[in-house]
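Please open the structure in your viewer and keep the sequence panel beside it. We will go from stop to stop, selecting a few residues each time.

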Amino acid sequence: MYAISWSNRPAETTLSELIQTWLVNGKPLWPYFDHVKSWWEYRHCPNILILHYQDLLDDLEGNVVRVATFLNQRLTPDEVKLVTHQSSFTYMKEHEDQFQPSERVIRPGRFINKGTNKRWKDIMTQDEVDAVDEAYLNHFSSDLIDFVKNGNGKTKTE
């Protein structure tokens with residue numbers, strides 16, 4: 001659901017309208033299903049690392065090590081601690097001005113939001129959730145659906 005940007009929608013657009021537009025043609029941002037599938041097809045390539053936000057929430061430090069390993073970088077324990085701290089939601093929220101993309105893309109103060117995942121469960125109707133689930137079934141393989149919904153659980157122990 002990360003492809004839907006509620007904070008950047010036209011003011012007169014309802015969430016239901018935004019979801020339907022997104023399901024049909026990928027607007028307002030991009031063709032979500034094609035975008036995700038295109039990267040998923042190459043996930044086994046040695047120069048591609050796909051991360052899921054839930055995995056970062058579950059084990060940020062383990063995934064810092066995972067990214068460093070992927071980049072052939074050896075980090076000292078102190079460096080891992082520093083990178084993990086500066087990659088945390090708390091740090092990024094406190095220093096949002098350093099991470100904010102162009103104001104033309106996202107309004108200031110809206111880029112670093114709440115630091116949680118699956119917030120859609122609290123705002124979408126069951127019909128909307130069902131429509132998204134059906135779209136997933138129509139566009140994604142079962143392993144990609146599982147990844148998109150849950151992440152992959154890969155950490156430094158793997």
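The tour below starts with the whole chain and then moves to selected places.

**The whole chain.** Begin with a cartoon view, and keep in mind that this is a predicted model. The secondary structure comes to eight helices and zero strands, so to speak a pattern of α-α-α-α-α-α-α-α along the sequence. Of the 158 residues, 30% count as buried. Among contacts between residues at least 6 apart in sequence, 54% join residues at least 24 apart.

**Helix 8.** Now select residues 142–150, which form helix 8. Which residues of helix 8 are buried? They are Leu144, Ile145, Phe147 and Val148. Turn the view to look down the axis of helix 8: its buried residues fall within an arc of 165°, so they line one face of the helix. As a reminder, an α-helix has 3.6 residues a turn, so residues three or four places apart point the same way. Next, show helix 2 (32–40) and helix 7 (126–139), against which the buried residues of helix 8 pack. Before leaving, step just past the end of helix 8 to glycine 151, which takes a positive phi of about 85°.

**Where helix 2 meets helix 8.** Keep helix 2 and helix 8 on screen and hide the rest. Their axes come within 12 Å and cross at roughly 105°. That crossing makes helix 2 roughly perpendicular to helix 8. To see the side chains involved, select Tyr32, Val36, Lys37 and Trp40 in helix 2, which meet Asp143, Leu144, Phe147 and Val148 in helix 8.

**The aromatic rings.** The whole structure holds four aromatic pairs. For one of them, select tyrosine 136 and phenylalanine 140: the ring centres are 5.4 Å apart and the planes lie at 20°, so the pair is stacked. Both tyrosine 136 and phenylalanine 140 are buried. Add Phe33 to the selection, and you have a cluster in which ring pairs link Phe33, Tyr136 and Phe140.

**Serine 88.** For the last stop, go to the loop between helix 5 (77–86) and helix 6 (89–94), where serine 88 lies. Is serine 88 buried or exposed? Serine 88 is buried, with a relative accessible area of 18%, because buried means under 20%. Show the side chain of serine 88 and find its polar atom 2.7 Å from the backbone oxygen of histidine 85. Finally, pick glutamate 61, 27 residues away along the chain from serine 88; the C-alpha atoms of these two residues are separated by 9.4 Å.

Technical notes:
Residues numbered from 1 in each chain as written. Predicted model: local features only at pLDDT ≥ 70, side-chain atom pairs only at ≥ 80, totals over all residues. Heavy atoms only, no water. Helix = DSSP H or I, 4+ residues; strand = E, 2+ residues; numbered from the N terminus. Buried < 20%, exposed > 50% of the residue type's maximum accessible area, 1.4 Å probe, protein only. Polar contact = N/O pair within 3.5 Å; in protein donor to acceptor, adjacent residues only side chain to side chain. Phe/Tyr/Trp six-rings, centres within 6.5 Å; stacked < 30°, edge-to-face > 60°. Arc of directions from axis to C-beta. Contact = heavy atoms within 4.5 Å. Axes fitted to C-alpha atoms, helices over the stretch in contact; angles between N-to-C directions. Parallel < 35°, antiparallel > 145°, perpendicular 65-115°, else oblique.
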